[in-house]
Structure formats: C-alpha cells, structure tokens
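Here is a protein chain to look through together. Keep the sequence and the 3D view open side by side while you read.

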Amino acid sequence: MSRSYRPRTVAALAATALAAAVPVLGAGAASATPGGGCQSATVQYRIVGADGNVVGADWTSQGGFHQWDTAPGSVEVRLAAGQSVAEGCKYPVSLAEYTTEGPDWETSGRQTLADKATVYLTAADIAGADGAQRTWQRLTVKSPDCYGQIDLYGDDVTYDGGTGEGHGPAPYRPDNVATPYHLIAAWNGGDKPCAPGTPDSPTPTPSQPSPAPTEPTTPATPADSTPPAEPTTPKPDRTPPTSADVPPLQSAPPTAEPSPDDSSPPLAETGSSAPVGPIAGAAALVVVIGAAGMFAAARRSRRS
C-alpha cells in the first residue's frame, strides 16, 4: 500500500502545481484597451451688446470675416449640442482685438494687439439637446475706436509677434501672415486711422527704393531682342480660412502603468506590460521540481 501511496501523492502534488501554473502562463494573452483622448469640438458663439442683449443672429457657428456696424466688444461661446466630450477635456477659445491700418482684411496691413481674453470650455458648456444653453462663457475686449479687427479663435496663444511659449506671430496681410490659427470668425471695421504707434510697436512703412544715379543714356535695345519680362506670381487675394471645429487644450493622458519599483502592484495585470517572462519562468520551475520529486519517489518505491 505504501508503494502505491507515495507515487500517487507526488503525482497529485505535481498535477496541482501544473494546474496552478497554467492560468498564470495564460494571463499574458489578455490585453488592456487604453482610454481615448480628447477630440476636436464645434464651438457656437453670439455677439452681446453693452445692454446685455444679443446683437444680430443668436447662437451660430458661421465662420468668415464680417464687417461690423458696432464693434463686438463681448462674445458668448459654448459647445454645440449633440457632442460627446470626455471628462477632463478643455477647449480654449480666445477673443483678440487688434488695431489695423485699414477697415478690412485686404487693407489691414500691420496689426497690433490691443486686448485679449480667453475662456476654457468643458462638457458643462455643451448646449442642451433642445438647443437651449446649459451654460455659456463670455469673452470681453475693448472696443476699438479706429480701424481694427477682432478675432475669435480656438486656442489660448497670444498672437502679438512676441517670442517664447504662449506667443505667436501677429497678423500681417502684406506678408500673408494669417494668424491667429484655429480662427473661428473675425470682424473688421472702423471709420478713421489709428494714432501712430509708439516706439514699442512701430507701424512699418513700405520702403521706397533709392533713386538710381544718373548715367549716360545708352542706345535703346531693338524691340525684337528684348527678353520677355519674368511673370510675377500674385499673392492669394482672399481672407484666411475659418472653422468652428477647434482642437482640445491637450489630449487625455494615457493610462499610467505601474513601475517595477511599485511596492503595491495591482492584484491583476494584463497586457504587454505584465511581467509574463518572470511569471512563466517561476511556473516552469514549479513543474520541474514536481517532476523531479515524482522521479525520486518512484526510485525509492522500486528499491523498497
């Protein structure tokens, strides 16, 4: 009876170790799906007068450049209805006022930032399903008293020509510097030139070519030997593109993975980050030890 009992006992222990090892070896087959990041969102706006009443159309996402009768000093913004915005996603929207050299984009010339305001929209700022607002946020800048442009755009960069983080190039029509980026809508107007700029923000004037020195007149070249003039490529004569779809402030951070030094790892871990190699090695060692014990027990059984 003792001969048959020992092999059975050892075999049972080895089988138990193998059964415990199999689930551990198979744990690496599962994978975790990381959470999605923040996506772009559609902004709606409306102009509000000094008396608090809506000026013109109510909530809209209409882009383009508009001529103002009265400069829009305050603009209310929200996210359009029917959107799904993840928790923690933020959408910066800014309103910037510039003084310009003319009353529209084509004649605006050099623009100088005069005022700017920024808000951050979240899931709480999505319009209700029936179109009614749940919440909205208001942007207010100074109303220009001369030629100017007001830009509504979807980031929090200050486009003043400054350098460093948070600054970008100022709009400049002659060189086609079409900033701000992520432009939602813009308004131009004014009925008089602005005062000359200060030394800190000079308004450049086009340089005039110096008169060439007078030289003796040379005989005219025959018409048939004059090379054709090089054609000049005209700059695009259009306003910058606009879109009510704006990017988020930043994407949601990826799911954090435990470091090897973590003293309290999760109870269960799946995916490629799980320590499958060490676990599999330990399981294999358990199987080898069980098999060795079974072989030794069988030899003792034969000797007895």
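## A bond with a hand

Why is the disulfide of Cys38 and Cys89 called left-handed? The torsion about the S-S bond of Cys38 and Cys89 is about -90 degrees, so this disulfide is left-handed. If the word is new to you, a disulfide is a covalent bond between the sulfur atoms of two cysteines. Here, any pair of cysteine sulfur atoms within 2.5 Å counts as one. The sulfur atoms of Cys38 and Cys89 sit 2.0 Å apart.

The Cys38–Cys89 pair links distant parts of the chain, with the two positions 51 residues apart in sequence numbering. Cys38 is in the loop between helix H1 (2–26) and strand E1 (41–48), while Cys89 is in the loop between strand E4 (74–79) and strand E5 (91–99). Cys38 and Cys89 are both buried, where buried means under 20% relative accessible area, exposed means over 50%, and partly exposed covers what lies in between (1.4 Å probe, protein chains only).

## What you are looking at

This is a predicted model, in which local features need pLDDT of at least 70, side-chain atom pairs count only at pLDDT 80 or more, and totals for chains, interfaces and linings use all residues. Residues are numbered from 1 along each chain as its sequence is written, and side-chain values use heavy atoms, with hydrogens and water left out.

The chain has 2 helices and 12 strands. These are DSSP runs numbered from the N terminus: helices (H or I) have at least four residues and strands (E) at least two. Reading along the sequence, you get the pattern α-β-β-β-β-β-β-β-β-β-β-β-β-α.

Of the 304 residues in the chain, 28% are buried. The accessible surface of the chain comes to about 19,100 Å², and 57% of it belongs to carbon and sulfur atoms; the areas come from the Shrake-Rupley method with a 1.4 Å probe, and for residues only the protein chains shown count as cover. Now for contacts, meaning heavy atoms within 4.5 Å. Among contacts between residues at least 6 apart in sequence, 75% join residues at least 24 apart.

## The other disulfide

A search of the whole structure finds 2 disulfides. Besides the pair you have met, Cys146 is joined to Cys194, with an S to S distance of 2.0 Å. Cys146 lies in the loop between strand E7 (137–140) and strand E8 (148–153), and Cys194 in the loop between strand E11 (183–189) and strand E12 (245–246), so the pair ties together parts that are 48 residues apart in sequence. Its S-S torsion is about 90 degrees, so the Cys146–Cys194 disulfide is right-handed.

How accessible are Cys146 and Cys194? Cys146 counts as buried at 6% relative accessibility, whereas Cys194 is partly exposed at 22%. Count the bonded cysteines along the chain and the disulfides follow the pattern 1-2, 3-4.

## Charged partners

Side chains of opposite charge can pair when their charged atoms come close. The pairing to look for here is the salt bridge: a side-chain nitrogen of Lys or Arg within 4 Å of a carboxyl oxygen of Asp or Glu. The whole structure has 4 of them.

Try Glu76 in strand E4, which meets Arg46 in strand E1 from 30 residues away in sequence. Their salt bridge has an N to O distance of 2.8 Å, and both Glu76 and Arg46 are buried. Glu76 also forms a salt bridge with Arg138, with the closest N and O atoms 2.7 Å apart. Arg138 is in strand E7, 62 residues from Glu76. Arg138 counts as partly exposed at 43% relative accessibility, while Glu76 is buried at 3%.

Next, find Arg173 and Glu106, whose side chains meet in a salt bridge (2.9 Å, N to O). Arg173 lies in the loop between strand E10 (167–168) and E11, and Glu106 in the loop between E5 and strand E6 (112–121), so the pair ties together parts 67 residues apart in sequence. Now zoom out: salt bridges that share partners join Arg46, Asp58, Glu76 and Arg138 into one network.

## One residue in strand E1

Finally, click on Ile47, which lies in strand E1. Ile47 counts as buried at 17% relative accessibility. Ile47 and Val75 are 28 residues apart in sequence, yet 4.6 Å apart in space, C-alpha to C-alpha. Leaving aside neighbours within four places in sequence, Ile47 is in contact with residues including Asn53, Pro72 and Trp187.
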